[in-house]
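User: Could you walk me through a few features of this model and show me how to read them?

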Amino acid sequence: MKKISNWHLLYFTVIFLVFFNSSCKHDDTPQKVSFSGILSTLQIDHPRLLLTDARLKELKTLSLTDTRLKKYVNDVLAQAEKDLTKAPIQHILIGPRLLDKSRECLSRVYNLAFAYRWTGDPRCYKGAVDNMKTVCAFADWNPSHFLDVAEMTHAVAIGYDWLYNYMDQQTRETIKSGLLKLGLAEGKKAYLSNAWWKTSTFNWNQVCNSGLLIGALAVAESNPVDASNILTNALQGLPYALKSYGPDGVWEEGPGYWDYATDYTAYGLSALQTALDSTFNLTKYDGMPETGYFPVYASGPTGYMLNYADVGDFSKLSAPHACMWLSSVYHENQISDFIENQLNTRTANVFHIIWYQPNTSSSLNCDLDRYFDGKVPLFFSRSSWNDPNALFLGAKAGYNQVNHGHLDLGNFEMDALGVRWVRDLGSDDYNLPDYFGMSATSLRWTYYRLNSFSHNVPVLGNKNQNVYATSNFIKHATGVAEPFAIIDFTSAYKDFASSAQRGFKVVDNRKAILVQDEFTLSKACEVSWGITTDATIVLVNSQQAVLTLKGQKMTLKILSPSDASFTAGSAQQAAPQKENLGVQRLWAKTNAAAGKITVAILMLPQWSGTENNFSMDITPLSAW
């Protein structure tokens, strides 16, 4: 037998000790290993998603002197306290969706995990872990409606990452097992089957791809193959939606879905930055540096948004936290300042803290007018940024087949005197039959809130706009004494008109609005100019109406044609549609005729309670 040398004895002793010490570890700290490919820059230690320990320390120091940040932290701690008393989340579908449950889990985990990291309160740690254990014990996260999987994956991944260093091995494995089985495994299946949402151009793309990549980054050091697969697919898919911000930052699905889609853009790209120190150039698409201004301009002085594409009824700007991320990435302080000023009267959430920037100004200095180009171009004009009673006009063009779209080309909304005078009713119940049908014969277009008869658009021949119609702004002027925009929406009315244009002009030193429609009618038909309002309507005569709402008044005058007359009626509908109780419609209707016709309506808020007698001559849109 060969004699074992001292060198060999030492070698085996070292190997034994390394193995012994390794097997006896209880802190389960990830080994300092290197990864290749997409994970080559992985930050091994937890937490690495969105809020690192270094950033948390920075925020804690800043909160000692920054009262605004301290208020945000207290808002979140108060919400976490409420979350501690809530009943366990249940696997209950609402229609096809589990969304309310996944979003509830997301909110609770963020609040409670943040509260524990900020205060060390063990109740918050237990609350976050209990919520994660509950959903990880579900049979599934509803993969048939993949938004549910993405939202729940996001929720559990954040809790796993943020609380990793505080959990024992058994708890970690329980939660990771649920994350892998119910989240990432379903993601791998979806990618293998070429799930439609991977390359979608709207909100499903960002939510599903970003939710999964956050889950992948949470477990990347222990499951690098699965994580790399998910990340590769997500990074391939995200550009399809991110390109939709171009060229100017407008989101074709409207401000409500902009909020949802851009939140997940921020979550996903922020997680990539903190975990991999790279966003893989995903922040460089046209429109992304400007998109934070979209909700700023789309929110009127009343706080109500320009409402299109299934935005909720009377939706107000919710101080979108994605704006905080956008402001920090693109160094646009006015965006974060606007949101932080909104938070003076609203409750902050965790993300307002994560991406917090000290406020630089209590007043905005943005341009009063702005045109946004894109698939659904928009025009905005106002009289002031800092006066809650300011005049505001928001108008849209675009196309009627846009995702979540209504038959509303040329729609507009108007604020003045602290009141939204001209409004949009928003979405109806998504569970109505054929709600998402987009064909010409779809039941969708029989629903009042979705068809032309509820919107602030002309109706020709008592028919909806063409379902497949498109429109665009052909001319606009901003930063002038009388800003204006002109839309060509001929294809919306091609059954009756060979030409159809609508012009908006802010007049009388930004105190009034003119809406002027010009048609060349190829067949005789009635033209009905209509708006939806919560105001009480009094018809002074056939060509003048006075609207009264919240103690304020606005006068509307028909300037053209001379045979047009105002009529008023209710917007109320029967269930199961939303009933629109108390909502009114004001129509200006012409006699049926063919040929050229101009319908011009002047809208005159009664500033300081006095009758506004401003009048003006009508000039053709071609002369604007």
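Analyst: Gladly, beginning with a cysteine. C105 has a relative accessible area of 0%, so C105 is buried (buried means under 20% relative accessible area, exposed over 50%, partly exposed in between, with a 1.4 Å probe and protein chains only). Keep in mind that this is a predicted model, where local features need pLDDT of at least 70 and side-chain atom pairs count only at pLDDT 80 or more, while totals for chains, interfaces and linings use all residues. Residues are numbered from 1 along each chain as its sequence is written, and side-chain values use heavy atoms, with hydrogens and water left out.

User: How many disulfides does a search of the whole structure find?

Analyst: A disulfide is a pair of cysteine sulfur atoms within 2.5 Å. The search finds zero. For C105, the nearest cysteine sulfur is that of C136, 8.0 Å away.

User: Why is the sulfur of C208 not in a bond with the closest cysteine sulfur?

Analyst: Because the closest one, in C105, is 17 Å away, which is too far. C208 is also buried, with a relative accessible area of 0%.

User: How should I read salt bridges?

Analyst: Side chains of opposite charge can pair when their charged atoms come close. The cut-off here is a side-chain nitrogen of Lys or Arg within 4 Å of a carboxyl oxygen of Asp or Glu. The structure holds 24 salt bridges, and one network links D83, K86, E104 and R108.

User: Which parts of the chain does the salt bridge of D310 and R444 link?

Analyst: That pair meets at 3.7 Å, N to O. D310 sits in the loop between α11 (293–298) and α12 (322–330), and R444 in the loop between β6 (419–422) and β7 (458–460), 134 residues apart. Helices (H or I, at least four residues) and strands (E, at least two) are DSSP runs, numbered from the N terminus. D310 counts as buried at 5% relative accessibility, and R444 is buried at 0%.

User: Is R123, in its salt bridge with D121, buried or partly exposed?

Analyst: R123 is partly exposed, at 40% relative accessibility. Its closest N and O atoms with D121 are 2.8 Å apart.

User: And how is empty space found?

Analyst: Rolling a probe the size of a water molecule over the atoms shows where empty space is left. On a 1 Å grid over the protein atoms alone, a pocket is an open set of points where a 1.4 Å probe fits, with protein on both sides within 12 Å along at least five of seven lines; lining residues have an atom within 4 Å of a point. The second largest pocket has 20 lining residues, with G300, P301, F338, Q342 and W385 nearest its centre. Helix α13 (residues 333–342) gives the most to that lining, three residues.
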